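Welcome! Here are a few short exercises, each with a worked solution. Have a look at the picture first, then try each task before reading on.

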Amino acid sequence: FISEAIDQTRGWFYALLIDSDDDAATFRSDMAEAVGKLHPHSRPFDFLVAAHHALGEQHEAVALMEHGIAEHCEPMGDTPLHDNCMAWYWSLAGVHEDDALRRIDRALTLTGDRSDFLDTKAMVHLARGEYTEAFRAAKAAARLSPDDVYMLWQVERIGALADQESER
């Protein structure tokens, strides 16, 4: 399944389902096989960053993040798209959370509400442990793109995390 879907978010989703060391080993094997079949320029660096971060493999997550930023964000110049891209990668790797929030807030101020930018804002808040704010941003993103299954999944996933956090 992952070899056909690694170019989509499903690789990241798969990583979030890991419950044991055996699951993690299987995932690593599946991911290595799938990524090996892709042209280097076709690799979804952002979701690979998220998968490695979810596995607790921070060194790999940061290395992939740096490569993804160089390839995807830097060519955008000083634009709201660049700010969104940087905030996205940082949130997926769990680094520079304060800078990520400043970047995505600036991008949203300059562009107005965009579902992709609001999704980034949700991920930034999630990285910061701000579950209620993450849920609000994810919900706003889904309202702007109600036909996007990913956005709906984010609302459900982040809403469940927010509920768990409020029960503590």
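This is a predicted model, and we begin with one charged side chain.

**Exercise 1.** Decide how Arg103 and its salt-bridge partner sit: buried, partly exposed or exposed?

*Solution.*
- Start with Arg103: its relative accessibility is 22%, so it counts as partly exposed.
- Next, find the partner: Arg103 forms a salt bridge with Asp83, with 3.1 Å between the closest N and O atoms.
- Then place the two: Arg103 belongs to helix H7 and Asp83 to helix H6, so the pair ties together parts 20 residues apart in sequence.
- Finally, check Asp83: buried means under 20%, and Asp83 has 1% relative accessibility, so it counts as buried.

**Exercise 2.** Work out which helices are tied together by the salt bridge of Lys121 and Asp105.

*Solution.*
- The side chains of Lys121 and Asp105 meet at 2.4 Å, N to O.
- Lys121 lies in helix H8 and Asp105 in helix H7, so this bridge links parts 16 residues apart in sequence.
- As for cover, Lys121 is buried at 19% relative accessible area, while Asp105 is partly exposed at 28%.

**Exercise 3.** Find which residues have the most contacts inside the largest nonpolar core, and which helix gives the largest share.

*Solution.*
- The core has 44 residues, and those with the most contacts inside it are Val49, Met65, Ile69, Tyr89, Trp90 and Ile104.
- Several helices give two or more residues to this core, including H4, H5 and H10.
- The largest share, eight residues, comes from H6.

Key. Residues numbered from 1 in each chain as written. Predicted model: local features only at pLDDT ≥ 70, side-chain atom pairs only at ≥ 80, totals over all residues. Heavy atoms only, no water. Core = buried A, V, L, I, M, F, W, Y, C linked by side-chain atoms within 4.5 Å. Buried < 20%, exposed > 50% of the residue type's maximum accessible area, 1.4 Å probe, protein only. Helix = DSSP H or I, 4+ residues; strand = E, 2+ residues; numbered from the N terminus. Salt bridge = Lys/Arg side-chain N within 4 Å of Asp/Glu carboxyl O.
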